[in-house]
Amino acid sequence: MKIIACYSNKGGVGKTATSVNLAYSYAKAGYTVLLCDLDPQGASGFYLRVKPSKKLTDARFFEDVARFTKSIRASDFEGLDVLPANMTFRDFDVFLSRMRNKRSRLKKALVAAGSDYDVIILDCPPNFSTLSENIFKAADQIVVPVIPTTLSERTFDQLVSFFDAKKLPKNKLKAFFSMVQRRKTLHQDTMDVMKKLYRKRFLNSAIPFAADIERMGQNRAPVSVYAPRSAASAAYQSLYDEIENGVVSNT
Amino acid sequence: MPGNNSFFVIPGALDEVKFSKSFKGLTPKMNDAKPVQRFELLDCHDQSLRASGRVLIEAGGSLHLLKDGETISQRCKGKGKFAQNLPAGPVRDALADFPELRALMSVGAGQIENRAFAVLDDLQKTQVRGTVMTLYSDRGQVSLVAAQPLRGYDRAFQTVCEYLETTASGVTGVEPLFNAVFPDLTVYKAKPEIRIGTQEPSIEVATDIIRTYISVARQNEAGVIADIDTEFLHDYRVSLRRVRSVISLFKGVFSPEQTAELKRAFSDLMAPTGRVRDLDVYLLEKEDYFRLIPPQLHDGARAMFKQFEKERTQALVRLSRRFRSQAYDQQMTTLAKLFADPGNLQPGPNADRAAYEYACALIWKRYRKTCKLARSITPDTPDEDVHELRIDCKKLRYLMEFFAPLFDARAFKRIIKPLKKLQDNLGLFNDFSVQQEALHSFVQQHSNTQGRADAQLALSIGGLIAVLDQRQKAERDRVIANFQRFDSPDIRHLFRSLFHHKGD
Ligand SMILES: Nc1ncnc2c1ncn2[C@@H]1O[C@H](COP(=O)(O)OP(=O)(O)OP(=O)(O)O)[C@@H](O)[C@H]1O
Ligand SMILES: [Mg+2]
């Protein structure tokens, strides 16, 4: 079992879109996948038509393996299951801060309930918190969508500094450019600068800004399901290939 | 319980309109049907799959095995094949217990239609998946509905299963499928149950048994002609052998003239089948033969088996021609008619003896004769006596089998167990001896006028004969011990109490 987190300390950068499409790619490749929605907004579950779990409250998430396991739902896609979120997840931090070993609780819960899966993908809420420290500790890889703008550059700097300060392994960080608009010179310039600055942190694959991805909300399905031949679908596929197999495609 | 597929056999068609409107908050949606295909129902002649609650369907180049609400599929053809010779796969694995000597044959055919369905909630999320497999023949149809649970949606699964269970109205197992689609398919039984009354006149018992086995023999003719597997001819011969043993063992039931005439008639029926059966046996044991001799001697054995195969093909052509001939059909029909009514037969002095009393007398006498011979056997007794003992045991066994319905089944079981062991021993002793003779005469046939044979052939056969002779001796050495086990005080007591009554 390996754990991949889709994380950013900035909101609205494409974490959920990435989680859902990446999870689907893994399942298509034959892996058994659990997409774990840690964001109380429940966007991942929404995209896969899975209703929020009523009974899996924040405390139970960490302490009641049976309840955790029972709350897992099959998606409509072979090999892809979902653990839907609910509103109590917004109190994860309060809960965790009172615990002993408060930084390793997430890993423990995932191992206990999700060990049957080949891959667990975490769709994370955007902030620095005890939960995010748990995420950094639990994940084998942390996939970070970065929109190539000045503001995003700053938030990524903060993330790397946080890793430095806390002596966390930076090689877990796999950043990629998200919502890229190639015609914008600002995007191009930012990408050039950041790639130089963080040579080892950035994947080659990038996800373009695409109407097909925006339409996920109406279609409530992974992009490749309703737009299999789109550029967006191909981009997510190459992101998967690079993360899983280290295959770098030239796009 | 969720976690496993559930499977429902619904006679007729699934009412889709009703099905789609039966759930609150859930809507079953049927996918378009896949193109209708022809299917064949596969089983062996005695329908062992059906007897074990399984159904094997071949359609569109795939095999589908239905059992306990589960369908296992494998992409391969099965008709005419032996289960153990199918390509590796889940269906072959699931058929591991299928009789090794029986081929899969088509026992029925019809049309098959497959449709998938999904049970959707208000978000169009699938909560239960399923398939409807409809089988139909010109006699009727049946729907096999499978529902598959999805993780986290147990409640929906249960709801759908409850509905389907109600629709299936308690129907379980695979028999409803057979009743709906193949109502005329009868089950072949190599050893049908024959009822006997204790006071029934013995001539009626004899007639019932003979009539039954003539019919069993006839049910195997088509399979011999089609050369489906070797068990058809084997069963055919076993049936006729049973008939012959009734004629010869039920002494005095028919008049002496008729007895002689019937013996001749059934011997004549058996005779043309002997060669094919012998060759079948050699060919079935081919691999064992190769294991008996070192690889350097395999060339000659290969040549011999090639010859056997050729000869079998020719012998089978002759036998099939005979089975298809009008003369043969007429002969069998006449015999069947003769045994349709005991009144058609000439009674002998024992014709009216009551079955139970007659059985006791026959079995007791045969038992005493067998024991007398067996007790006389020492390491120095000639082989002929051991052969004689084999035949006596066989007769005893036949008598006990014919009259078994009149006696306590548990007591019979206790007797048969050591008897069978002794018989297996004697059977092997005989087989090894017959095989040596056969090999010997094979070399003679393939020798020139000076009595010289091909060296490769002679080497192999010489090797085989040497090993077979060793084996025959080993079997012989076991006979005395096996008889002593059969001759225990317990079995002696059983025989006495079952068959030997005071005043007899
Ligand atoms: N590559 C893209 N091109 C166009 N639109 C995108 C792209 N990726 C995401 N979006 C849209 O941007 C919005 C935010 O995306 P998403 O929800 O994936 O981000 P997020 O990082 O998970 O946000 P949050 O921090 O709120 O959880 C959504 O409406 C989504 O449809
Ligand atoms: Mg999100």
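A salt bridge is a side-chain nitrogen of Lys or Arg within 4 Å of a carboxyl oxygen of Asp or Glu. The exercises below apply this to a predicted model.

**Exercise 1.** Decide which kind of link joins the side chains of A:R103 and A:E133, and where in chain A the two residues lie.

*Solution.* Step 1: the N to O distance between the side chains of A:R103 and A:E133 is 2.6 Å. Step 2: the cut-off is 4 Å, so the pair counts as a salt bridge. Step 3: A:R103 belongs to the loop between helix 5 (92–97) and helix 6 (105–114) of chain A, while A:E133 belongs to helix 7 (residues 130–138), so the pair ties together parts that are 30 residues apart in sequence. Over all chains, the rule gives 37 salt bridges.

**Exercise 2.** Describe the contact of chain B with chain A: its residues, its buried area and its polar links.

*Solution.* Step 1: chain A contributes 14 residues to the contact and chain B eleven. Step 2: about 1100 Å² is buried between the two chains, and carbon and sulfur atoms give 43% of this area. Step 3: on the side of chain B, 60% of the area buried against chain A comes from B:L123, B:K125 and B:R151, more than from any other three residues.

Step 4: the rule finds two salt bridges across this interface. A:D76 and B:K125 form a salt bridge in which the closest N and O atoms are 2.9 Å apart. Step 5: ten residue pairs across the interface are in polar contact. The side of chain B that touches chain A consists of five charged, three polar and three nonpolar residues.

**Exercise 3.** Work out how chain A surrounds ligand 1, starting from the residues and ending with the covered area.

*Solution.* Step 1: ligand 1 has 17 residues around it, and the closest are A:K15, A:T16, A:A17, A:P208 and A:A210. Step 2: sort the shell by type, which gives ten nonpolar, four polar and three charged residues. Step 3: assign residues to elements of chain A. Helix 1 (15–28), strand 8 (202–208) and helix 10 (211–214) each supply at least two residues, and helix 1 gives the most, with three.

Step 4: list polar atoms beside the ligand. The side chain of A:K15 has an N or O atom 2.8 Å from an oxygen atom of ligand 1. A backbone N or O atom of A:G14 is 2.9 Å from an oxygen atom of the ligand, and one of A:A210 is 2.9 Å from a nitrogen atom of ligand 1. Step 5: of the 620 Å² of accessible area that ligand 1 has on its own, the protein covers 78%.

Conventions. Residues are numbered from 1 along each chain as its sequence is written. Chains are lettered from A and ligands numbered from 1 in the order in which they are written. This is a predicted model: local features need pLDDT of at least 70, side-chain atom pairs count only at pLDDT 80 or more; totals for chains, interfaces and linings use all residues. Side-chain values use heavy atoms; hydrogens and water are left out. A residue is near a molecule or strand if one of its heavy atoms lies within 4 Å of it. A polar contact is a pair of N or O atoms within 3.5 Å; within protein, one must be able to donate a hydrogen and the other to accept it, and residues adjacent in sequence count only if both atoms are side-chain atoms. Accessible areas come from the Shrake-Rupley method with a 1.4 Å probe; for residues, only the protein chains shown count as cover. Helices (H or I, at least four residues) and strands (E, at least two) are DSSP runs, numbered from the N terminus. Ala, Val, Leu, Ile, Met, Phe, Trp, Tyr, Cys and Pro count as nonpolar, Asp, Glu, Lys and Arg as charged, and the others, Gly among them, as polar. Contact means heavy atoms within 4.5 Å. Buried area is the accessible area (1.4 Å probe) that two parts lose on being put together, summed over both.
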